[in-house]
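Hi,

Here is the structure I said I would pass on. Have a look at it first, then read my notes underneath.

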Amino acid sequence: MALAVPTVQSTVASVDRAIRVMVVDDAVVVRGLVSRWVEEEPGLVLAASLRNGREAVDQLDRVDPDVVILDIEMPELDGISALPLLLAKKKDLVVIMASTLTRHNAEVSLKALSLGAADYIPKPETNRGVTTSETFRRDLIEKIRHLVARRRRRGLPPSRDAAAAARPHDPVALHTTPAAPVKLRPFSATVPRVLLIGSSTGGPQALTAVISGLRDLLPRVPVLITQHMPPTFTTILAEHLARTSRRPAAEAVDGEIVKVGRIYLAPGGRHMRVVRHGAEVAIALDDGPPVNFCKPAVDPLFSSAIDVWQGGIMSVILTGMGSDGMRGGKDIVAAGGSVIAQDEATSVVWGMPGAAANAGICAAILPLNQIAPKLVRLFSGDRS
């Protein structure tokens, strides 16, 4: 069976197509530095640099940004209060929440996602950290480019510059090449014994949707998840998943035994693997270098599971930037397991699932709302 899956190519072809960025942060150093990064990037334009949410709401119509980098803690009107006001004014606005790694800010950031924020980015805790962190700069610029490109492809009402770019004399800066057939593999003949999930940008919402649909299945299988997230954020996400699933869910602990009916989340800043421990399976955490620029990364979990469960692995790759999970997914398929990828239409960013789809390792490419029902059937013995 083959599916037609478009390959997306994004380039910056004209100043009219430039991405307009509004930076909103009460910290002068952070605001100035992020503004300078935006100005230095080809295809990005600094639309405004503002001190608080009130200024952002008041100037939104005049400035007409494509994306807002929105700090959480600000005087007069904070980020979480400004968010719904900004989205009410411009429904296709991409809002990226920015916050330091405190428990309060992690909770607020995850709440912001449920209110319509496209993503979040953790800020280094000190001005010096912001100044010297190449990772923060790279991640921020990548999120801006990918999230705005995604909104434009979905055909939401264009911004002023997007409309200008559509003029006949301007080259199109974002286009989709003709659909290429993606061949689907058959599902493994082995009834799966474990569920592995990898996700990144858009992952918290996607994970909640999938896990909430698995309540009848969860008591019978272990679930191991790697979500690209920093420390503290993974703690809060695990608590959210526990409430959603009504099952024990927590950050994994090095050396603990994997049990059915439990959800294990890779803790921020550490890779999660599984190893044989006598007749049982144990969690193995490590502080090794990033894999695919990520820590935790999906590939280490996926690849390590083969020695434990062989062909009894069901893996799911959800929305996210990059290609993490694709190599581990190849290993799983080679060992006799199966891979499901979230489809492009329901992904916030179709990087990770798209890489798996285009690598030809998927047995299914499904909309988000069809993944949980499919998993329930597969774990019950359905092989179609």
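Below is what turned up, starting with the pocket and moving on to some side chains and a helix.

One thing to keep in mind: this is a predicted model.

**The pocket**

Let's begin with the empty space. Rolling a probe the size of a water molecule over the atoms shows where such space is left. Here the largest pocket holds about 860 Å³. Its lining is made up of 32 residues, and those nearest the centre are Thr135, Arg138, Asp139, Phe293 and Cys294. Two elements give two or more residues to that lining: β7 (119–123) and α6 (134–153). The biggest share comes from α6, with 6 residues. If you sort the lining by class, you get 14 nonpolar, 10 polar and 8 charged residues.

**The aromatic pairs**

Next, the rings. A pair of aromatic rings is described by the distance of the centres and the angle of the planes. There are 2 aromatic pairs in the structure.

Take Trp37 and Phe136: their ring centres are 5.7 Å apart and the planes meet at 65°, and since an angle over 60 degrees counts as edge-to-face, that is what this pair is. Trp37 belongs to helix α1 (residues 28–40) and Phe136 to helix α6, so the pair ties together parts that are 99 residues apart in sequence. Are these two rings buried or exposed? Trp37 is buried, at 3% relative accessible area, and Phe136 is buried too, at 5%.

Then there are Tyr120 and Phe233, which are stacked, with 5.0 Å from centre to centre and 15° between the planes. Tyr120 sits in strand β7 and Phe233 in helix α9 (residues 233–245), so this pair ties together parts that are 113 residues apart in sequence. Tyr120 is buried, with a relative accessible area of 4%, and Phe233 is buried at 0%.

Tyr120 has another partner as well: the charged end of Lys143 sits over its ring, 5.8 Å from the ring centre.

**Helix α2**

Last, try finding helix α2, which covers residues 53–63. At its start, a side-chain oxygen of Asn52 comes to within 3.0 Å of the backbone nitrogen of Arg54. The buried residues of α2 are Gly53, Glu55, Ala56, Val57, Leu60 and Val63. Just after the helix, Asp64 takes a positive phi of about 50°.

Have fun clicking through it!

Definitions and conventions. Residues are numbered from 1 along each chain as its sequence is written. This is a predicted model: local features need pLDDT of at least 70, side-chain atom pairs count only at pLDDT 80 or more; totals for chains, interfaces and linings use all residues. Side-chain values use heavy atoms; hydrogens and water are left out. On a 1 Å grid over the protein atoms alone, a cavity is a set of points where a 1.4 Å probe fits but cannot get out, and a pocket is an open set with protein on both sides within 12 Å along at least five of seven lines; lining residues have an atom within 4 Å of a point. Grid points are joined across faces, edges and corners, and a volume is the space filled by probe spheres set on the points. Helices (H or I, at least four residues) and strands (E, at least two) are DSSP runs, numbered from the N terminus. Ala, Val, Leu, Ile, Met, Phe, Trp, Tyr, Cys and Pro count as nonpolar, Asp, Glu, Lys and Arg as charged, and the others, Gly among them, as polar. Rings of Phe, Tyr and Trp (its six-membered ring) pair if their centres lie within 6.5 Å; planes under 30 degrees apart count as stacked, over 60 as edge-to-face and the rest as tilted. Buried means under 20% relative accessible area, exposed over 50%, partly exposed in between (1.4 Å probe, protein chains only). A charge sits over a ring if NZ of Lys or CZ of Arg is within 6 Å of the ring centre and within 35 degrees of the ring normal. A polar contact is a pair of N or O atoms within 3.5 Å; within protein, one must be able to donate a hydrogen and the other to accept it, and residues adjacent in sequence count only if both atoms are side-chain atoms.
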